[in-house]
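I opened this model to look up its overall build, its metal site and a few single residues. My notes are below, in the order in which I looked things up.

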Amino acid sequence: MIVVTDDKGISKIKESLSSSSASFKRISLYGKTVFLTWGDEIKAPQNAISVKGDGAPVLSTRSWKSDNTVVEVGGVPIGSNDVVIAAGPCAVESEEQFREVARGVARNGSAILRGGAFKPRTSPYSFQGLGVEGIRIMHDVSEELGVPIVTEIMDAETLRECRDMIDMVQIGSRNAQNFTLLQKVGRSGKPVLLKNGMGNTVNEWLNSSEYLLSEGNENVVLCYRGVKSFENSVRFSFDAGSLTRVKRLSHLPLAADPSHPAGDSDLVESIALAAVAAGADMLEIEVHPDPPSAKSDSAQQLTLEQFRITSERIQRLASALGRGVWKP
Ligand code: PEP
Ligand code: MN
């Protein structure tokens, strides 16, 4: 059960809790006090919003918070009128490689740098990423250029070790339902980019975000990266309708990753534009200085020149829609 109350209701809820055997947790979220209770139902005070835990998302929805949430990452507002671009390589391969991409994309509209240090590869024999060293490289380049970074974390130990070097933690598609990891990232309070699980529904994806929110983490951005379907002419199916549906349902900022559903650099731009048209507030795009030599996702990474052109077109579409692209 979830009970949201104003200050006056707090003592009433505490009273109900003391006379019940329900276990509970109290958090503060977007300026409201929220009690999460399990076990016995408690009596909610008048004026409080109370929702039974029936499997439907609550804290991520507009029925609970109607206005758009804006998440700040190193001074970059995600969820405002301006679309935010986060570009960079699939994997950080060396300091030189990351610095070269970072400089190129930052010059052409990327407000955040993306890069993978821990790579969730299908085969254990494929390149696994540089690990903590990769995050150190990203951090150093980020300081050099004054541009924040987003990178995937796959376990709580790495989160502890690297948290001060990362501006935004990415939860990848494969970990979108790793509930203990979600809770720990939730407790860290760090801004989170939460991908949808490739086999999850919108309802399941929003419930994953509830694992972060219910730890009191207000800084959650949803990132759509497509789903597995019977279609095999693309890597994953990218459903613009689902994207708009999520925008309607949730107050959380909405990002999209056009690179992984494309699986082919030739499709990335059109999926990116479709995402902006469908309401995305942020785009995460893979860019490599020499895609054919990339150690992962070689076929889908844009060259720096392709990124420059795509970025310009995103800018033009955003303007046509009465939006902009965020620049420092
Ligand atoms: C990534 O962005 O590096 C990545 C692995 O994406 P996903 O988790 O969506 O597959
Ligand atoms: Mn990739």
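These entries go from the whole chain to the metal site and then to one strand.

Entry 1, overall build. I note at the start that this is a predicted model. I counted secondary structure and found 10 helices and 15 strands in the protein chain. I then checked the radius of gyration: for 328 residues a compact globule would be near 20 Å, and the protein chain has 20 Å, so the two agree. I also looked up the box along the principal axes, and the C-alpha atoms fill roughly 65 × 40 × 40 Å.

Entry 2, burial and contacts. I found that 55% of the 328 residues count as buried. I looked at contacts with a separation of 6 or more, and residues 24 or more positions apart account for 69% of them. The exposed area of the protein chain is about 13,900 Å², with 47% supplied by carbon and sulfur atoms.

Entry 3, charges. I find 36 positive and 40 negative side chains in the protein chain. The centres of these two sets lie 5 Å apart.

Entry 4, metal site. Which protein atoms are the donors of the manganese ion (ligand 2)? I list Cys-90 (SG), His-260 (NE2), Glu-286 (OE) and Asp-297 (OD), at 2.0 to 2.4 Å from the ion. Along the chain, these donors follow the spacing C-x169-H-x25-E-x10-D. I placed two of them in the fold: His-260 is in helix α8 (residues 259–262) and Glu-286 is in strand β14 (residues 282–286), so this pair ties together parts that are 26 residues apart in sequence. Are His-260 and Glu-286 buried or exposed? I have both down as buried.

Entry 5, Thr-33. I located Thr-33 in strand β3, which covers residues 32–38. Its relative accessibility is 12%; the cut-off for buried is under 20%, so Thr-33 counts as buried. Leaving out residues up to four places away in sequence, I find that Thr-33 touches Val-3, Val-4, Thr-5, Ile-10, Arg-26 and Ile-27.

Entry 6, Thr-37. Thr-37 also lies in strand β3. I read a relative accessible area of 2% for Thr-37, which is buried. With residues up to four places away in sequence set aside, Thr-37 touches Met-1, Leu-17, Ser-23, Phe-24 and Ile-42. I also took one long distance: the C-alpha atoms of Thr-37 and Asn-108 are separated by 48 Å, with the two positions 71 residues apart along the chain counted as their offset.

Conventions
Residues numbered from 1 in each chain as written. Chains lettered and ligands numbered in written order. Predicted model: local features only at pLDDT ≥ 70, side-chain atom pairs only at ≥ 80, totals over all residues. Heavy atoms only, no water. Helix = DSSP H or I, 4+ residues; strand = E, 2+ residues; numbered from the N terminus. Rg over C-alpha atoms; globule rule 2.2 N^0.38 Å. Buried < 20%, exposed > 50% of the residue type's maximum accessible area, 1.4 Å probe, protein only. Contact = heavy atoms within 4.5 Å. Areas by Shrake-Rupley, 256 points an atom, 1.4 Å probe, with all protein chains shown as cover. Lys, Arg positive; Asp, Glu negative; His and termini not counted. Charge placed at Lys NZ, Arg CZ, Asp CG, Glu CD. Donors = N, O, S within 2.8 Å, 3.2 Å for Na, K, Ca; no water.
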